[in-house]
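Me: I am new to this structure and should like to understand the terms used to describe it. Please show it to me, and then explain each term as it arises.

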2 protein chains.
Amino acid sequence: MTELAADDIDDRRRSIGARRNPETERAILEAAEAIMAEEGIAGFSIEAVAKRARAGKPTIYKWWPGKTALLLDVYHRQKPASVHLDTGSVEGDVFAFLTGVFAHWGDTGAGQVFRFIVAEAQRDAAAEASLADYAAERRIQSGEIFQRGIDRGELAPDIDVGICADLLAGFIWKRLLTGRIERDPEELRKVARQMVRGLLA
Amino acid sequence: MTELAADDIDDRRRSIGARRNPETERAILEAAEAIMAEEGIAGFSIEAVAKRARAGKPTIYKWWPGKTALLLDVYHRQKPASVHLDTGSVEGDVFAFLTGVFAHWGDTGAGQVFRFIVAEAQRDAAAEASLADYAAERRIQSGEIFQRGIDRGELAPDIDVGICADLLAGFIWKRLLTGRIERDPEELRKVARQMVRGLLA
DNA sequence: CTCCTATGAAACGATACGTTTCGTTATATA
DNA sequence: TATATAACGAAACGTATCGTTTCATAGGAG
């Protein structure tokens, strides 16, 4: 009783006026990221994020349409250092790409987030559109690895860089989605070699 | 009142004794398949399946641990005609594989089911294990395409057939998950060619 | 005839969703 | 200074789906 009446601490974030509180946004995104890293997909809910961020659910729903939009923001906050090393050979670039992506996914928890986004995209139209945009963008980016190879005469001019990008992305997607993002440099080297040089005797 | 007392039809399936009713199993699987085909992933729930099959939820949960297991059974019921055509060349086999899988996924609705299973596997441990088993099995099967190539001297003996299978499966998975299973024979031919012959000038 | 198990209707508690209400805060505007 | 506006968070709400339990009923096995 007495201590309540006297000076009960109330350190909840209050409004800072008629504008968005950046502290709130930061707290929510960090809470979402932390829950995703610690509990994984299973323990992730808007309720849990609100509780951990000491924010109200209405606040979250005000700024993000739903779980998927929030996770997309989290994923984009976790951008890796660029993986376009331009090693001079296409095989080297592909190897660097594979190594970089798997390191990023495995070390930062971004892999867990991306798994969830792909899963959500299978039943949520908004997530599907966002993922399609993102995939198309990345398709162009990794296509540049192969375009550079064509430009410098290393690769045949009639190859389809889009297909190359799909094969490369498909490989890492399937590995991620089946929980197999081990990073054996020898294996990744072999992947790069087989993709570029082909399989013929 | 009168008609109820007289002879109210009660055509619900009852127990046929202390053993599983095959009729019930069939009705549940068909209802699940139909809902998946008509409503898609969104409208699919155990409740909906039970209602459509005129079965009780406890009956479904008795024979299937959950939604994912049921869908896996549905998927396995939709098996295609074998796609191992053994055309004589690895490139031809890969092309036939791609054509066959996309046709199966697109025509039978099996693609929708598989999308859902992959999505579920991202948050359900049981589904993840089931999918891993299935993927490992398919990995061996499609690896045989490349093993035959090695055996007949068409492919280099030191290639990794597992990686080949992962590249192939990754390609179709990513296309499915991003809703791009168009079947342009010319493009699929190009995929097969680039995978087998390589990209070098 | 007496177990044992299957079947399905109904209701349950639990969980998460997305929303509404309400009191509080502080900026922006008149 | 006075008022309107908008963000914030707590609490509670209604809804949906989950997976389970209870119950009455059915029929084969021993």
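**Contacts and helix packing**

Reply: By class, the surface near DNA strand C has 8 nonpolar, 10 polar and 12 charged residues. This is a predicted model, in which local features need pLDDT of at least 70 and side-chain atom pairs count only at pLDDT 80 or more, while totals for chains, interfaces and linings use all residues. Residues are numbered from 1 along each chain as its sequence is written, and chains are lettered from A and ligands numbered from 1 in the order in which they are written.

Me: What makes a residue count as charged, polar or nonpolar on the surface near DNA strand C?

Reply: Asp, Glu, Lys and Arg count as charged; Ala, Val, Leu, Ile, Met, Phe, Trp, Tyr, Cys and Pro as nonpolar; and the others, Gly among them, as polar. A residue is near the strand if its C-beta atom, placed from the backbone, lies within 6 Å of it. Gly17(A), Arg13(B), Ser15(B), Asn21(B) and Gly56(B) come nearest of the 30 residues.

Me: Why is α7(B) called oblique to α8(B)?

Reply: Helix α7 (residues 110-121) and helix α8 (residues 125-151) of chain B pack at an angle of about 125 degrees, with axes 7 Å apart. That makes α7(B) oblique to α8(B), because angles under 35 degrees count as roughly parallel, over 145 as roughly antiparallel, 65 to 115 as roughly perpendicular and the rest as oblique.

Me: Which residues of α7(B) and α8(B) meet?

Reply: Ile117(B), Val118(B), Glu120(B) and Ala121(B) in α7(B) meet Ala127(B), Glu128(B) and Leu131(B) in α8(B); contact requires C-beta atoms, placed from the backbone, within 7 Å. The residues of this contact are 5 nonpolar, no polar and 2 charged.

Notes:
Axes are lines fitted to C-alpha atoms, for helices over the stretch in contact, and angles run from 0 to 180 degrees between N-to-C directions. Helices (H or I, at least four residues) and strands (E, at least two) are DSSP runs, numbered from the N terminus. Two residues are in contact if their C-beta atoms, placed from the backbone, lie within 7 Å.
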